Protein chains: 2
Amino acid sequence: MKISILGGSTTRFGELWSLSLHDLANEAINKALADSNLESKDIEALYVGNMLSGMLSHQENLGAFFSDVVGNNVPAFHVEGACASGGLALHSAIQSVLSGTYETVAVLGIEKMTDQLQDEVAALLMSASSEEERESGATFAGLYALMANAYLSKYKLSADDLVEVGVKNHYHGSLNKKAQFQKAVTRERALASPLIVDPLRLFDCSSISDGASAIVITSKTVDKSIMPVEILTSEVATDTLGLQDRSSLTTLKAVELAASRAYKKAGVKPEDIDVAELHDCFSIAEVLAIEDMGFSKRGEALRDIKSGFFTLGGKKTIINSSGGLKACGHPVGATGIKQIVELTDQLRGKAEGRQVTDARIGLAHNVGGTGAVAAIHILSI
Amino acid sequence: MKISILGGSTTRFGELWSLSLHDLANEAINKALADSNLESKDIEALYVGNMLSGMLSHQENLGAFFSDVVGNNVPAFHVEGACASGGLALHSAIQSVLSGTYETVAVLGIEKMTDQLQDEVAALLMSASSEEERESGATFAGLYALMANAYLSKYKLSADDLVEVGVKNHYHGSLNKKAQFQKAVTRERALASPLIVDPLRLFDCSSISDGASAIVITSKTVDKSIMPVEILTSEVATDTLGLQDRSSLTTLKAVELAASRAYKKAGVKPEDIDVAELHDCFSIAEVLAIEDMGFSKRGEALRDIKSGFFTLGGKKTIINSSGGLKACGHPVGATGIKQIVELTDQLRGKAEGRQVTDARIGLAHNVGGTGAVAAIHILSI
């Protein structure tokens, strides 16, 4: 069975204090429906990716909560997997279509985070980590800093080069009108930013954001004129929550497992991917992802980023044309679906101002925790 | 494609202060595997139903969190739908098997609630309701009391008869070694219990509980000797979160919709159901469920309960042989899966001490909020 993305939409990401969860969902879903040439009555089920609504907004029962945006008492499901909530919701939605139970399904990724103090949100995000990590007083920046130090030490690299990830992604973000930070930064500016946890500086860390993204998928045969994007594969794998239980700090096993299955099932190789959205919650996360996904050899991702290989106008694979989590923003549950919306726009040649030339195959890499869960999707047009 | 339940298990429900979330998951999953004659390596994916872990235990990323109980880096998913989290997790697991992506999948329902003050838990449970209901100061007991008053007034019935639900379910619970309350109560005792919200008394309300339940489902052809239970259908529908947006307080639209689809797809009628687990979070909820599911005519459920029609040894359909949420306990995310474990035991003739004679067809009815979401499963042997 062939599953197509009919359309998608992303709200502006950022500090959206005047918009409620429902406002964000309404905008994302209704614009995704319009982009798909559909009406809400065409939607048979709704999948929602969200992590923090219970803790931050005291709102759960999220499938039903958002189902009135679609109407018709549709079956609706809330899927949570920390920062991979969007990717897991999409995987579940795909299963429901492949099963033949539903034909046309909407997937919403959503998070509203900036109404709370940043420190409180950072503490709540630690619910994605292990109990041992929480009890030790770790933060996600601290855990990723451990991984960064292990990586830099293993390959004898300069911490300064980590900021190249942020420089690239902020350049891309400067071209994206939906991005939270539409401003390019220089290497010098990034290096002058404060250390958050050594070796990670401010420009190595993604932000706390509000936003929503939605797509519509279908198993129906679709007219080529509306440029359906085919989902070639959807793969998920897990790993331990805590870093202390892993054999390596410089590769994510869940990503490796999901990626190898995804490449095999889709029948493509890393060099076939024209455009990829990788989960750059911290600069080191993108570095590990580039290597785990096979876009660079081990230890060479930073060199390749610095050479402009992955930057718009570079050879390929173009990575995080949306600005990534770093510049586009990271409303947790929305991120995995925003990646799909970005790829859909790119594959359709509709990524205004930041189009990747001749993009035919795209890949989304969405991670929860420090790699406890990974969802990989490969798309083609 | 035929989907079979291979086995299942439920921990004791109750105040389990010495057991962690992981302890509960380990026991439920490992006993479900043993009951299924499987090892953990046979499991290809894990679905977890849970509502409150983020708020109560500061633990999210629940798919990955519990995945180590199964091992092998299995794809794992956390599905939330308030008190219907278990039923929705099962529905999603079924889709993943019907899709052909996975063949053999475990489903875990789990909740740990009693480590917190009951008032705090009751407040957090309101995250399943609408913002308007929360702002008005409503509690779930209060909202169900509104429904109870509407029902009693519409059919000119005595509030005293509501306690018959608790009397029946406590009798059943007295026969279930896993139940939180293994004690029968008399009508007099129930009527003498304090009013919680008029007309609901203590014995009209389910409890706050800890517990976990797990099952294993498969699309593989299974030897008849292990008595596989077939899942005939799995249906989900939603409604508005808030009572204020509904046209009726004496019927749940989400239940009616899911039930009519379920009966049609399974090719059975209410009178064919030998044993049913209905979502009796409050006595009035079971009353409405009995009528919405077609086991009694409108306005006659209380009379039928009082006549012993649904009690073990009664004609049929036997309702809540486990003790229901009222006596077996209601660890929110576990309830929907506990219902399936109970039905599986009944259909296999293994419901020790409370066996329904010649049980061939079973039905589970799992509701979230005051009926904002409903999941209906029909099983047969």
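Here is a friendly conversation about how some features of this predicted model get their labels.

Student: What makes the relation between chain B and chain A that of a two-fold axis?

Tutor: Chain B can be laid on chain A by a turn of 180° with a shift of 0.0 Å along the axis, and the RMSD is 0.0 Å. That is why the relation is the one of a two-fold axis. In chain B, the C-alpha nearest this axis belongs to Ser99(B), at 1.9 Å. Both copies use the same surface, since 100% of the contact residues of chain B recur in chain A.

Student: Why is Glu60(B) called buried?

Tutor: Buried means under 20% relative accessible area. Glu60(B) has 3%, so Glu60(B) counts as buried. As for its place in the fold, Glu60(B) sits in the loop between helix H2 (53–57) and helix H3 (62–70) of chain B.

Student: Which residues does Glu60(B) touch, leaving aside those up to four places away in sequence?

Tutor: Residues from both chains are on the list, including Met51(A), Met55(A), Glu80(A) and Leu241(A) from chain A, and Gly54(B), Phe65(B) and His78(B) from chain B.

Student: How do you know that Cys328(A) is not bonded to Cys281(A)?

Tutor: A disulfide needs two cysteine sulfur atoms within 2.5 Å. The closest cysteine sulfur to that of Cys328(A) is in Cys281(A), 15 Å away, and that is too far for a bond. Cys328(A) is also buried, because its relative accessible area is 1%. In chain B, Cys281(B) is in no disulfide either, the nearest cysteine sulfur being that of Cys83(B) at 6.5 Å. Over all chains, the structure holds zero disulfides.

Student: What makes Asp35(A) and Arg348(A) a salt bridge?

Tutor: The cut-off is a side-chain nitrogen of Lys or Arg within 4 Å of a carboxyl oxygen of Asp or Glu. For Asp35(A) and Arg348(A) the closest N and O atoms are 3.3 Å apart, and the pair forms a salt bridge. This one links distant parts of the chain: Asp35(A) is in helix H1 (residues 21–35) of chain A, while Arg348(A) is in the loop between helix H14 (332–347) and strand E11 (361–368), 313 residues apart.

Student: Why do the two partners get their accessibility labels, buried or partly exposed?

Tutor: Arg348(A) has a relative accessible area of 5%, so Arg348(A) is buried. Asp35(A) has 31%, so Asp35(A) is partly exposed.

Student: How do you know that Asp161(B) and Lys306(B) form a salt bridge?

Tutor: Their closest N and O atoms are 3.2 Å apart, against a limit of 4 Å. Asp161(B), in the loop between helix H7 (140–155) and helix H8 (163–173), and Lys306(B), in helix H12 (residues 301–306), are 145 residues apart in chain B. Asp161(B) counts as buried because its relative accessibility is 15%, whereas Lys306(B), at 46%, counts as partly exposed.

Student: Which residues of chain A are linked in a network of salt bridges?

Tutor: Asp161(A), Glu164(A), Arg187(A) and Lys306(A) are linked in this way. Over all chains the count comes to 41 salt bridges.

Student: What classes of residue make up the contact of H4(B) with H14(B)?

Tutor: Ser85(B), Gly86(B), Gly87(B) and Leu90(B) in H4(B) meet Gly333(B), Gly336(B), Ile337(B) and Ile340(B) in H14(B). By class, that gives three nonpolar, five polar and no charged residues. The two helix axes come within 5 Å and cross at roughly 65°.

Methods
Residues numbered from 1 in each chain as written. Chains lettered and ligands numbered in written order. Predicted model: local features only at pLDDT ≥ 70, side-chain atom pairs only at ≥ 80, totals over all residues. Heavy atoms only, no water. Least-squares fit on C-alpha atoms with pLDDT ≥ 70 in both. Contact = heavy atoms within 4.5 Å. Helix = DSSP H or I, 4+ residues; strand = E, 2+ residues; numbered from the N terminus. Buried < 20%, exposed > 50% of the residue type's maximum accessible area, 1.4 Å probe, protein only. Axes fitted to C-alpha atoms, helices over the stretch in contact; angles between N-to-C directions. Nonpolar A, V, L, I, M, F, W, Y, C, P; charged D, E, K, R; others polar.
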